[in-house]
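Hi,

Here is the structure I said I would pass on to you. Have a look at it first, and then read on for what turned up in it.

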Amino acid sequence: MARPGHCRAAASAWLPLLALLLAAAGSATAQTCLSATFTGGRTFLKCNQLPVLGASLHWTYHAENGTADIAFRAQSGSSGWVGWGINPDSQGMARSNVFVASQDASGVVSVLTTILEDTTAPTLTNVPLTFPVPVPASAEYADNAYTIYATVGLPNNSTSQNTVWQAGQTSGGSILPHPTSGQNMLGVQNLDFLSGTGTAGSNSRLHRRNIHGVLNAVGWGILIPMGAMIARYLRVFEAADPAWFYAHIACQISGYALGVGGWGLGLKLGSESVGLTYQPHRNIGIAIFALATLQVFALFLRPDKKNKYRVYWNVYHHSVGYSVIVLAIVNIFKGLNILKPATGWKTGYIVVIAMLGAIALVLEAITWAIVLRRRKRNQSYGNGTNGTGLQL
């Protein structure tokens with residue numbers, strides 16, 4: 001028999017699991033970063049495996065003159081381009097000073113230096129950067145990756161800099177705009193070239209997006225359906241009364257709390273992405289929150305079983321509840337398509353939903369068999385009651 005504490009325990013178990021997975025991922029990427037080698041006997045004292053676009057940054061900081069030797073490496077096809085740079089003014093791409101590596105039809109790799117004055121439809125013109133570049137930058141292409149080598153004078157002689165990176169495609173030797181979704185919107189990091197730590201940039205933002213996804217998936221997409229299943233199926237068993245009701249309420253309240261937390265974090269992330277809105281995902285999320293909040297009021301508006309308005313309350317409660325479940329599952333998959341995490345996350349959620357669906361089918365058959373047998377027994381006694389207890 002399900003107990004209320006089981007739902008709360010299931011909810012609280014996911015966040016430590018997320019932290020463990022993120023820590024393991026960080027350890028694995030660090031090993032990839034440290035194992036990199038470079039041509040010409042180049043070596044670098046520090047490195048960061050960047051969280052998106054298969055990129056890494058390697059550098060040696062020279063405190064005596066405020067410069068840094070950098071090597072930026074990112075995965076790309078031969079018809080693609082990659083870029084890395086520093087924004088001396090603020091976080092984000094606008095006004096960034098960047099190095100862009102690409103190759104022509106003959107395979108000759110070149111580096112363009114430019115300032116992103118217009119990020120909506122940029123025309124990349126080869127211009128000097130606003131900070132010193134003592135040695136001309138160079139680049140190479142090997143093993144499906146570009147590597148850009150440069151020495152930069154850190155703006156304002158500060159070791160803390162807003163760094164950016166990107167990747168896209170070329171056509172006929174022209175650099176095409178990069179995609180404006182998924183990982184391409186996360187290539188921002190505030191990096192301290194002295195300590196090697198990255199803060200308040202893409203690492204933090206990606207972490208918060210992951211938390212947003214996990215909170216919504218567990219809250220709206222797992223606990224709420226589990227609560228509905230508890231109410232639909234356990235109430236059929238006489239021995240489960242009234243425990244099924246308290247288990248149902250515990251799951252729904254826990255799911256609502258996690259879901260609202262994820263929803264609020266999503267609004268915060270959206271407010272930080274000026275000019276970029278995933279409109280369908282956002283609108284469905286707002287609808288889920290509104291409908292789920294109506295369900296909370298259902299707890300306080302619930303009439304007595306003998307009340308003549310109970311049938312209308314049932315219609316309201318059940319239709320809103322199932323709408324939340326359907327919309328939540330649809331929106332979780334939309335979110336996964338936006339975030340584009342490792343395939344294991346999407347597969348894992350599919351497995352969970354498939355398991356819940358399979359359990360529901362089995363319980364549907366079992367409980368209907370019980371209901372029909374009970375109904376037949378009641379009719380034989382002539383009491384005229386159906387005794388289903390299955391209505392939900």
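One thing to keep in mind is that this is a predicted model.

Let's start with a pair of helices. H3 covers residues 243-271 and H4 covers residues 279-301; their axes come within 10 Å and cross at roughly 145 degrees. The crossing of H3 past H4 is left-handed. On the H3 side, the contact is made by Phe245, Ile249, Tyr256, Val260, Trp263 and Leu267. H4 brings Arg282, Gly285, Ile286, Phe289, Ala292, Thr293, Val296 and Leu299 to it. Sorted by class, the residues of this contact are eleven nonpolar, two polar and one charged.

Next, the strands. S1 (residues 46-49) pairs with S2 (residues 55-62) in the antiparallel sense, over four bridges. Gln49 has Ser56 of S2 opposite it. Together S1 and S2 make a hairpin with five residues between them, and in the turn Leu53 has a positive phi of about 65 degrees.

S2 also leads us to the largest nonpolar core, since you will meet it again there: S2, S3 (67-75), S4 (80-87), S5 (97-103), S8 (145-153) and S9 (160-171) each supply at least two of its residues. This core has 29 residues, and those with the most contacts inside it are Leu57, Ile70, Phe72, Val82, Trp84, Trp165 and Phe193. Ile70 is a good place to zoom in: beyond its neighbours within four places in sequence, its contacts include Leu57, Trp84, Ile148 and Phe193. Another core, of ten residues, lies apart from the largest one, and has Ile224, Ala228, Val324 and Ala328 among its members.

Enjoy exploring!

Best wishes

Key:
Residues numbered from 1 in each chain as written. Predicted model: local features only at pLDDT ≥ 70, side-chain atom pairs only at ≥ 80, totals over all residues. Heavy atoms only, no water. Pairing = 2+ DSSP bridges. Axes fitted to C-alpha atoms, helices over the stretch in contact; angles between N-to-C directions. Left-handed = near helix turned anticlockwise from the far one by under 90°. Contact = heavy atoms within 4.5 Å. Nonpolar A, V, L, I, M, F, W, Y, C, P; charged D, E, K, R; others polar. Core = buried A, V, L, I, M, F, W, Y, C linked by side-chain atoms within 4.5 Å. Buried < 20%, exposed > 50% of the residue type's maximum accessible area, 1.4 Å probe, protein only.
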